[in-house]
Amino acid sequence: MANTNTSWFPKWRKREGNLDGAVIAPDERLPLGPTVIMGLQHTVAMFGATVLMPLLMGFDANMAILMSGIGTLLFFLVVGGRVPSYLGSSAAFVGLVIAVTGYSGHGANPNIGVALGGIIACGVIYTLIGFVVMAVGTRWIERLMPPVVTGAVVMAIGLNLAPIAINSVSASSFDSWMAVVTVLCIGSVAVFTRGLVQRLLLLLGLVAAYLIYMLVTNVMGLGAPVDFTTIAQAPWFGLPTITTPMFSTHAMLMIAPVAVILVAENLGHIKAVAGMTGKNLDPYMGRAFVGDGLATLLSASAGGTGVTTYAENIGVMAVTKIYSTLIFVAAAIVAIVLGFSPKFGALIHTIPGPALGGASIVVFGLIAVAGARIWVQNQVDLGLNGNLIMVAVTLVLGAGNFTLSLGGFSMGGIGTATFGAILLNAFLSRSKQVKTQPEIKTGTEAALKDH
């Protein structure tokens with residue numbers, strides 16, 4: 001798609017004076033002090049999910065934080081500093097990585113190299129899609145994956161991950177109850193706080209659950225106490241664990257299709273940012289896909305997770321009305337510094353398993369609900385039989401982890417749900433759709449009956 005700007009980077013205009021309530025555009029900049037403070041805020045916003053996702057897959061959280069910072073800087077360079085976004089660990093990889101590696105859910109993942117090879121393959125495909133979009137635009141993606149499809153796929157991902165969250169807190173009654181406490185802590189922050197504190201619901205809720213867990217275990221002696229010896233032994237600065245990727249055809253074929261999900265996710269995020277800023281970001285959509293794809297490829301090459309643009313940081317921008325892309329450079333630098341601190345990583349690894357499990361229940365549930373939100377925001381009509389059939393099948397494929405095998409290749413629930421949604425929509429939308437009878441409320445046959 002053509003770009004009318006002659007320079008790769010904008011000329012950021014400095015905003016000074018009273019900035020209370022002011023809208024700061026992507027091509028504007030704040031003084032250094034406020035830029036650093038806002039960068040710290042965005043680092044905190046992405047922290048909860050960016051740390052949680054690698055822990056759920058058995059990855060090194062320090063490496064994930066480090067590569068999220070490096071990936072964000074790479075994204076910033078590729079889009080020419082014109083799209084305000086932070087790149088953090090993507091939840092779309094969790095289910096497939098666990099399936100490919102057979103990860104037990106505790107400690108380091110011994111088969112992480114196989115997963116990394118698959119994530120690199122995903123990054124390559126994602127990057128190629130970005131180059132195609134740069135050449136011909138996004139209309140073909142929007143036709144291939146309309147809101148009814150992307151909503152169904154996102155919801156299927158959340159439902160597919162649900163058993164992982166439940167199994168992680170089912171080892172004992174104590175673990176289950178502490179997971180419930182974590183859910184209540186996160187829910188309390190989400191409901192009973194306001195402003196930026198509310199945006200940090202995952203982080204602050206997890207911290208509260210951590211403190212309660214320590215009180216119950218370390219003080220009252222009712223469970224396995226938190227062990228802080230690793231924090232004392234860890235140095236302040238050092239390299240995170242670097243893992244060499246292994247390229248397995250099976251793993252690559254399983255994980256590579258996640259690129260389709262990342263495209264849909266990034267497309268939605270950039271459309272949301274464009275709506276908030278009032279700027280047309282479509283000319284930079286292809287660059288954004290390329291930047292995200294290269295960042296995912298680079299991250300996995302060193303042992304990090306696949307990355308994606310983060311809704312958490314979009315939420316912060318919605319609250320603050322500050323969209324300056326230079327804010328994300330500051331956030332990335334903070335993340336890189338934290339990534340080089342083994343002591344910080346040791347602190348992360350002291351987070352109790354039940355607390356992580358409770359947080360994952362909330363995160364995976366929010367992913368599922370985000371799919372419904374896509375339908376609502378885009379006024380998707382589920383009264384149309386074609387939409388109804390596609391959504392129904394997609395959700396069951398994802399939630400039931402339906403697997404298709406052909407020779408040595410097998411595709412799990414997220415893959416079958418994603419491609420099933422795309423193919424079913426393409427097939428069923430070719431016919432003139434009719435609505436189900438509005439007066440019939442129950443029964444599967446009634447739900448599918450024509451006028």
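Below are short exercises on this structure, each with a worked solution.

The model is predicted, so local features need pLDDT of at least 70, side-chain atom pairs count only at pLDDT 80 or more, and totals for chains, interfaces and linings use all residues. Residues are numbered from 1 along each chain as its sequence is written, and side-chain values use heavy atoms, with hydrogens and water left out.

**Exercise 1. The chain overall**

State how many helices and strands the chain has, and what share of its residues is buried.

Solution.
- Take helices as DSSP runs of H or I with at least four residues, and strands as runs of E with at least two, numbered from the N terminus.
- The count is 20 helices and 6 strands.
- Call a residue buried under 20% relative accessible area, exposed over 50%, and partly exposed in between (1.4 Å probe, protein chains only).
- By that rule, 53% of the 451 residues are buried.
- Now turn to contacts, meaning heavy atoms within 4.5 Å. Of those between residues at least 6 apart in sequence, 79% join residues at least 24 apart.

**Exercise 2. Aromatic pairs**

Find how many aromatic pairs the structure has, and classify Trp 12 with Phe 76 and Tyr 126 with Phe 289.

Solution.
- A pair of aromatic rings is described by the distance of the centres and the angle of the planes.
- Rings of Phe, Tyr and Trp (its six-membered ring) pair if their centres lie within 6.5 Å; planes under 30 degrees apart are stacked, over 60 edge-to-face, and the rest tilted.
- The whole structure yields 5 aromatic pairs.
- Trp 12 and Phe 76 are one stacked pair, at 5.9 Å centre to centre with 10 degrees between the planes.
- This pair links distant parts of the chain: Trp 12 is in the segment before strand 1 (13-14), Phe 76 is in helix 2 (residues 61-78), and they are 64 residues apart.
- Phe 76 has 12% relative accessibility, so Phe 76 counts as buried.
- Tyr 126 and Phe 289 have ring centres 5.9 Å apart and planes at 40 degrees, so this pair is tilted.
- Tyr 126 belongs to helix 4 (residues 112-136) and Phe 289 to helix 13 (residues 285-302), so the pair ties together parts 163 residues apart in sequence.
- Tyr 126 and Phe 289 are both buried.
- To finish, group the rings: Phe 9, Trp 12 and Phe 76 make up one aromatic cluster.

**Exercise 3. Charges over rings**

Which rings have Arg 287 and Lys 343 over them?

Solution.
- The test requires NZ of Lys or CZ of Arg within 6 Å of the ring centre and within 35 degrees of the ring normal.
- Arg 287 places its charged end over the ring of Trp 8, 3.6 Å from the centre.
- Lys 343 lies over the face of Trp 236, at 5.1 Å from the ring centre.

**Exercise 4. Salt bridges**

Trace the salt bridges of Arg 13 and the elements they join.

Solution.
- A salt bridge needs a side-chain nitrogen of Lys or Arg within 4 Å of a carboxyl oxygen of Asp or Glu.
- The structure holds 2 of them.
- Arg 13 bonds in this sense to Asp 27, with the closest N and O atoms 3.2 Å apart.
- Arg 13 lies in strand 1 and Asp 27 in the loop between strand 1 and strand 2 (28-29), so the pair ties together parts 14 residues apart in sequence.
- Arg 13 also forms a salt bridge with Glu 28, the closest N and O atoms being 3.1 Å apart.
- That pair links strand 1, with Arg 13, to strand 2, with Glu 28, 15 residues apart.
- Arg 13, Asp 27 and Glu 28 are therefore read as one network of salt bridges.
- Check burial: Arg 13 is partly exposed at 42% relative accessibility, while Glu 28 is buried at 8%.

**Exercise 5. Thr 296 and Leu 382**

Describe where Thr 296 and Leu 382 lie, how accessible they are and what they touch.

Solution.
- Thr 296 is in helix 13. Its relative accessible area is 0%, so Thr 296 is buried.
- Leaving aside neighbours within four places in sequence, Thr 296 contacts Phe 93, Ile 119, Gly 123, Gly 306 and Val 307.
- Leu 382 is in the loop between helix 17 and helix 18 (385-399). Leu 382 is partly exposed, at 31%.
- Not counting residues up to four places away in sequence, Leu 382 touches Val 148, Trp 375, Asn 387, Leu 388 and Val 391.
- Leu 382 and Val 148 are 234 residues apart in sequence, yet 8.4 Å apart in space, C-alpha to C-alpha.
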